[in-house]
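Here are my comments on the entry, as numbered points. Please read them alongside the sequence and coordinates.

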Number of protein chains: 2
Amino acid sequence: MLATILADTLGDVPWTVDPASRNGLRLLRPQTPLFHEGDRTENFYEILSGVVRAFKVFADGRRQIVSFAFPNDIVGFGHGDTYRFECEAISDAIVRVIPKASLMRSIRERPELGEKLLQIATGEVANMQDLSILLFRKTAMERIATFLMSMARRRPDVGAGARQPLPMCRADIGDFLGLTISTVSRTLTKLRDMNVIDVPDRGGFVVLDFHKLLLLSESEDTVH
Amino acid sequence: MLATILADTLGDVPWTVDPASRNGLRLLRPQTPLFHEGDRTENFYEILSGVVRAFKVFADGRRQIVSFAFPNDIVGFGHGDTYRFECEAISDAIVRVIPKASLMRSIRERPELGEKLLQIATGEVANMQDLSILLFRKTAMERIATFLMSMARRRPDVGAGARQPLPMCRADIGDFLGLTISTVSRTLTKLRDMNVIDVPDRGGFVVLDFHKLLLLSESEDTVH
DNA sequence: CGGTGTGTTGAGGCACATCAAGCCAGGTGG
DNA sequence: CCACCTGGCTTGATGTGCCTCAACACACCG
């Protein structure tokens, strides 16, 4: 969404192309960092293919994944002068580099753009905040159900009853939802036993009972 | 901080004054709503005195307090077209009404202002996000210690060893930190027994051992 | 074949929620 | 003046959801 608006409004801007890339594109291998926490915010990145994770690492070694970015998402936007967390590819990924300087320059030239971006930035972060508020109070089951729902919503092209890709490993899911690997695994097994989902292989899942999954994501004890 | 920048840069702008207020000011009684979730974002409010709470109420009746706003804070900023949560006074409070329309108008007139506000908005929300990420993984003790530290940091005018006001009730603290009233109370008692703080009365506390409180806020098991 | 990385499953413990009783200050009415 | 109520807070007893630790299954790879 942000991506399309940027494309619409900035498509004609002559980007200063990152020398280390062709066409302002970068190819990423799994585990390749896109940027580190504390680095100066020089670029935004539009994900063209693959999946990227944004996360913080705390002093005690624990890791909190802040978000997963899928194709059409933009990462790096809304960080301020320096990036607020680490960012790296999960799978092979292609990203488009959007130099921050050009974007800021065109804001100065087109004030109405600044206002629009302000709106987008606050909107996006507010959504993320809603998610974290929600997760804060939820049980493991509610968190997993919410997560699976949001995964399904990200890929509306995957038909009902078809296999949804689940490109991140259990540890990533755990670090995103604030659960351990064990609990993630156990909860998925439970959902399978309840015939709510199927887990045919490691990298995907199938929603068997959309309605029940939705109920579980809202409040566990409405479903028995 | 946002307030001062707004004052500095916009002090000379002729505000359209809310007819229901004098001088663009509003006086609030305890429990009086400032705005509701879903209302159109027509104003921002600068807190001049008193304390205000912003919160969401979920379908199951649980309440999540998103933030407490103290004098010099601005609420309503960064919500998009409609407010994202409820907002009401905890104590008697005076707020200055800042019509959104005027602010947006002056953004259009002064592009550099838009860029600055974008920065501020992203910065503020990112801070809030940091807080929620942090709290997400913390124990009750770490949460309470973090909360008390941030309360103390909000009032640098209160000297070391002096009574810090704690204007919100235990239920508010619990709904902010994701704990029950009982756990809040128990944890405060524990901190008192450890001689880290004193709780002379309901509406305040005294930091007796700043260093230990800081350690407790970071990771519980570094202090025994 | 063993080694490694990822996921599943079981047993036990602990932190926090829940339920419930009691304390204290302030208000109201006899 | 005391009797009583009410609301906010504290404290105790009990239950439970998730973490921790640990064993095992399985795929992949040299």
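1. The hairpin of β4(B) and β5(B) has five residues between its strands, and in it B:G61 takes a positive phi near 95°. This is a predicted model, and the remarks below should be read with that in mind.

2. The two strands of the hairpin, β4(B) and β5 (residues 63–69) of chain B, run antiparallel and are joined by six bridges. One position to check is B:K56, whose bridge partner in β5(B) is B:Q64.

3. β4(B) also pairs with strand β7 (residues 86–89) of chain B, again in an antiparallel arrangement, through four bridges. Here B:F55 has B:E86 of β7(B) as its bridge partner.

4. Is β4(B) enclosed or open to its surroundings? Strand β4 of chain B covers residues 52–57, and five of its six residues are buried, so the rest of the structure largely encloses it. The cut-off for buried is under 20% relative accessible area, computed on protein chains only.

5. On the relation between the copies: a turn of 179° with a shift of 0.1 Å along the axis lays chain B on chain A with an RMSD of 0.1 Å. The two copies are therefore related as by a two-fold rotation axis. The interface agrees with this in its residue list: 100% of the interface residues of chain B are interface residues in chain A as well, so the copies meet through the same surface.

6. Turning to the nucleic acid, there are 16 residues around DNA strand D, and those that come nearest are A:A140, A:T183, B:S185, B:R186 and B:T189. By class, the residues of this surface are four nonpolar, eight polar and four charged.

7. Which part of DNA strand D faces the protein, by share of atoms? Of its atoms within 4 Å of the protein, 64% belong to sugar or phosphate, and the rest belong to bases.

8. Three polar contacts deserve a look in the viewer. A backbone N or O atom of A:A140 is 2.6 Å from a phosphate oxygen of DNA strand D. A polar side-chain atom of B:T189 lies 2.7 Å from a phosphate oxygen of that strand. At a base, an N or O atom in the side chain of A:R186 is 3.1 Å from an oxygen of DNA strand D.

9. The elements that give two or more residues to the surface near DNA strand D are α6 (181–193) of chain A and α6 (181–193) of chain B. α6(B) gives the most, with five residues.

Notes:
Residues are numbered from 1 along each chain as its sequence is written. Chains are lettered from A and ligands numbered from 1 in the order in which they are written. This is a predicted model: local features need pLDDT of at least 70, side-chain atom pairs count only at pLDDT 80 or more; totals for chains, interfaces and linings use all residues. Side-chain values use heavy atoms; hydrogens and water are left out. A residue is near a molecule or strand if one of its heavy atoms lies within 4 Å of it. A polar contact is a pair of N or O atoms within 3.5 Å; within protein, one must be able to donate a hydrogen and the other to accept it, and residues adjacent in sequence count only if both atoms are side-chain atoms. Ala, Val, Leu, Ile, Met, Phe, Trp, Tyr, Cys and Pro count as nonpolar, Asp, Glu, Lys and Arg as charged, and the others, Gly among them, as polar. Buried means under 20% relative accessible area, exposed over 50%, partly exposed in between (1.4 Å probe, protein chains only). Two strands pair if DSSP finds at least two bridges between them. Copies are superposed by least squares on the C-alpha atoms of residues with pLDDT of at least 70 in both. Contact means heavy atoms within 4.5 Å.
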